[in-house]
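Trainee: Could you walk me through reading sheets, cavities and burial in a model like this one?
Mentor: Gladly; let's have it in front of us.

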Amino acid sequence: MWSRFLLLLCSFVLGQAGLPGYEPGHAYHYTYQTRLRLNEPDTDKPDVGFQLAAAVDVTVVWKSGEDQLVRVQLKDAQLSHIGERKAAVFEKVSTTELQAHPVMFHWKAGQVEAVYAAEKDTTEAINLKKGVVSLFQVQTAAGERQETDVSGPCMALYDVSKSRVMKTRDCLLTTGFTNYNKIVGVDVKSASSVVYELSGDQPIIQSAVAEENHVTRVNLREELGTTIFSGQQLQLEKQEAGGTTVQGASVEEAVTAAAGGEKFLKVTLATEEIIQECTEDCESPAEVVARFRDDLSTEALAHLESSNAFLEVLKRLRHAGKETILNILTADENGDIVPQLIDIATATQTDPAMEALLEFLDFSVEEDTDLPDRFLFILGFATHPTDKTLSMLLEKLSGEIGSEKIYEAMALTLGALVHTYCLDPQQCEQPIVDEVKTAFLEGLESAEFEDSQLMFLRALGNARLTDTIPVLLTHAEGAQSNAVSMAALKALGRFDSTLLDSNGVRKSMSRIFHQNRKTYENTVRTAAASLLLMVNPSPWDVRNVLLSLSTQEPKEVSTFIRARIQDLLDTNHPSSVVIQEVLKDVTAANYYTLAQNGLSAAYSNIMADTLNAVATYGLFIEFAKSALMRRSNMDVFLHGQDSSIQILQVALEAEGLEAMMGEEAEDEEASASGGMGLILMDVQVRPFKLFAGQAELMAAAWSYSGVRMSAVTGIVLMQDHFQIHHLQSGVVVVSTFQGGVSVELGGSVDISLWNRASVTLVSNNGALVVKGSATVDSPLVKVGVDLSAEAEATIDFTTSVDFSDMPFTMCLQMEQKPFQYKRNISLYEKVPGKDAKFRLKRERTRTIPEKSFPLFTGQNNAQCRAMFSED
């Protein structure tokens, strides 16, 4: 009863909450000013921008009950600077178009129902007038309500105190796209409010003061960003009788009568994006490619030139059609840079580009698969894949593919795209996700050969769909092949540990490690133990693992697990709380369980620590009982406040090498083989088989000794953000941020059978360029702030082995070479078609010194000293 009464009362109050004080036959004369400022955040340096001042005549030309038709006319408009300028850029800007046509709006109880604009008026002029009209959308009753504002749908909160009304706006800003992973994305914080002063029993607006602020920052480095400030001020100067009125049975008839023969169109209050055609210094996409052709050469990869060229060409291709992109890819003069052009066209993530690439590439060929492979490699890093992209790729996967290598690359890419797509929970409910999952699971179930099983398990690891965890557990624990078990465990390890926090996962990992149901290869067991210790283990789980260490054979198993436990403690992993509690029990933590003397090791440390992110690295090495390396992982993670991403993993595995050294093999049936797995930017790519069999190993030792080989090359779009800010003033600001990474991962192996020694170098070379902007690009003015940051760095990982005596002596070294970090800011004001312009530039450069990273400080340092003491 009371709830119904309160609902009726609220409806009555809101129904009377408008401003009925404006009367037909009266003219209300206001002064109006709006200003825009652009800059980088947290600076006291000068801004760029403009301000517009005008007189505004407001007249109610028609009224019927609560419905009113209001005419707004701008007069004496003047454009000026927001600060002192040596060159008067805006001095001669014509504002005639802004004043040429009035605008009318349908007003009901303080709500703007519709806007009527002259058909001949320009989009920019209409937007600015909508900014004035928006100030008349106000309520005199406190509370929250949904409104359609210049920015689109807005939730407005009204706070009323006597004659003062404060409106706080929370608007759904129009956004093109952004990174789903926050750590490599941007953060946007917005605030908007309007303060009104009203007068009279039936109030009219005496003044309205609006302020709006949008700050966009790169999450990795908050110093990189833009700030947009917009302000409005409306002040009543006088009101007088004598305004023109019209007759009409409806709002539409009143509009026709008030138009004076001019045609007016009904539009919403929301502003429209200005489509600005290129009128000066225009280049076609082909001309842009030609200008940057040298910087896109293979030799320029992993250098700043290629990253810069990548972002510049990317901007142009995003607006190109399918035929234009296809012509660029097939042009004879671009033949030597086609791989890099594929990188760029793939990164545009537009439908025309995808259609052009799928037509250009031939997936049915058995040989010469480099270009399709390059396309799939880059596509896996898409920042905002669409359901159409997933559908097209799934269709290709079901079609004719001539190479098993390309089939696997396509499956892995499709899995990575599904994971990125599902970072938006609403998207993950789309049918295409189930279609991809079904294709993977059916392929896994019907696979007749081990290689096919491994491929689909890796694809499921890239996809990381929660409901596939039971399938991965089944293959991890029940597979006949150790390779399949290991692939399933690696796929499970890709999931967030919170998704694996269940008794089912922990019990399965415990059974594998303790070999309760069957026997497993040692690296499978250590992988299961590592996963068990990282997914919120129970005290019982930790205790059982510790108690088992004294009986493990070979001792390298217990040594590695002991090192993993210590690493979890050293890095304050969430599991460390439980581990520390169990270690207080001497029956589980004593000399026999903790004093392990093998060579296997696990070590993590901080690579870089900034205010916004922490980069960590980890090195995990397992040896066979013959002191030959069995498996090693080098992991690099980037952690932010709310998310993290695996930047890099280089995983090396070898087996069956003991016989070559005259030692007894752990698995007598295993032949000599070696391979490398690679995860880059959270995407597992197709693994590399280094050798299979003793003959290939010896051939590689003789053929490639000392020769540098590239494992991965390409240019990847790491950051991608596009947002349109529809400000309450009617000004439209476009904000963009892109980050391009040019990478070259390679290395060399130098083996001396005479000296019984080897040196392996894994070199990670990369160049990162981040570019951002906030711009107003209109026929009236061009104002903007551009920023860029760039760095080119190399990290070398060297493994030196002396196998002249047993056990081997091995020294690990990881070094970062010195590099420079450059940051540039450019602010500008310009009038299209005129020479007058204003520009400010700020440049900063910081040198990062070379650095050697600690690796297993005690044990590794001793071996390095033993190897190089004579040097």
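What follows takes one sheet, then two cavities, then a strand and a single residue.

Trainee: Before we start, what kind of model is this, and how are residues numbered?
Mentor: This is a predicted model, where local features need pLDDT of at least 70, side-chain atom pairs count only at pLDDT 80 or more, and totals for chains, interfaces and linings use all residues. Residues are numbered from 1 along each chain as its sequence is written, and side-chain values use heavy atoms, with hydrogens and water left out.

Trainee: How should I read a sheet, and in what order do the strands of the open sheet come?
Mentor: In general, strands of a sheet pair through backbone hydrogen bonds, either parallel or antiparallel. Strands (E, at least two residues) and helices (H or I, at least four) are DSSP runs numbered from the N terminus, and two strands pair if DSSP finds at least two bridges between them. Here six strands make an open sheet, ordered β14-β15-β16-β17-β18-β19, with antiparallel pairing. At the edges are β14 (601-609) and β19 (683-692), each of which pairs on one side only. On average, neighbouring strands of this sheet are turned by 10 degrees against each other, direction ignored. The axes behind such angles are lines fitted to C-alpha atoms, for helices over the stretch in contact, and angles run from 0 to 180 degrees between N-to-C directions.

Trainee: Which helix packs on this sheet?
Mentor: That is helix α20 (residues 555-570), which touches β14 and β15 (614-623); contact means heavy atoms within 4.5 Å. The direction of α20 makes about 30 degrees with that of β14.

Trainee: Where can I see the pairing residue by residue?
Mentor: Try β16 (residues 629-639) and β17 (residues 644-655), an antiparallel pair with nine bridges. Val 636 has Leu 648 in β17 as its bridge partner. Further along, β18 (residues 673-680) is joined to β19 by seven bridges, again antiparallel, and Ser 673 stands opposite Ala 692 in β19. These two strands form a hairpin with two residues between them, and Met 681 in the turn has a positive phi of about 50 degrees.

Trainee: How do I find empty space inside, and how many cavities of 30 Å³ or more are there?
Mentor: The general idea is that rolling a probe the size of a water molecule over the atoms shows where empty space is left. On a 1 Å grid over the protein atoms alone, a cavity is a set of points where a 1.4 Å probe fits but cannot get out, and lining residues have an atom within 4 Å of a point. Grid points are joined across faces, edges and corners, and a volume is the space filled by probe spheres set on the points. A search of the whole structure gives eight cavities of 30 Å³ or more.

Trainee: What lines the largest cavity?
Mentor: The largest cavity holds about 250 Å³ of space. Its lining has 20 residues, and those closest to its centre are Phe 381, Ala 382, Thr 420, Ile 645 and Met 681. Two or more lining residues come from each of α12 (404-421) and β20 (709-726), and α12 has the largest share, three residues. By class, the lining has eleven nonpolar, seven polar and two charged residues. Here Ala, Val, Leu, Ile, Met, Phe, Trp, Tyr, Cys and Pro count as nonpolar, Asp, Glu, Lys and Arg as charged, and the others, Gly among them, as polar.

Trainee: And what lines the second largest cavity?
Mentor: That cavity has about 120 Å³ of space and 14 lining residues, with Glu 124, Leu 128, Val 731, Val 776 and Ser 778 nearest its centre. The most comes from α3, with three residues.

Trainee: Why is strand β23 described as largely enclosed?
Mentor: Of the 21 residues of β23 (residues 782-802), 17 are buried, so the strand is largely enclosed by the rest of the structure. Buried means under 20% relative accessible area, exposed over 50%, and partly exposed in between (1.4 Å probe, protein chains only). β23 pairs antiparallel with β22 (residues 757-777) over 21 bridges, and a hairpin of four residues joins β22 to β23.

Trainee: Is Arg 844 buried, partly exposed or exposed?
Mentor: Arg 844 counts as partly exposed, at 39% relative accessibility. Arg 844 sits in strand β26 (residues 837-848). Leaving aside neighbours within four places in sequence, its contacts are Glu 40, Tyr 821, Lys 822, Arg 823 and Asn 824.

Terms used
1 Å grid on protein atoms, 1.4 Å probe; cavity = no way out; pocket = protein on both sides within 12 Å on 5 of 7 lines; lining within 4 Å.
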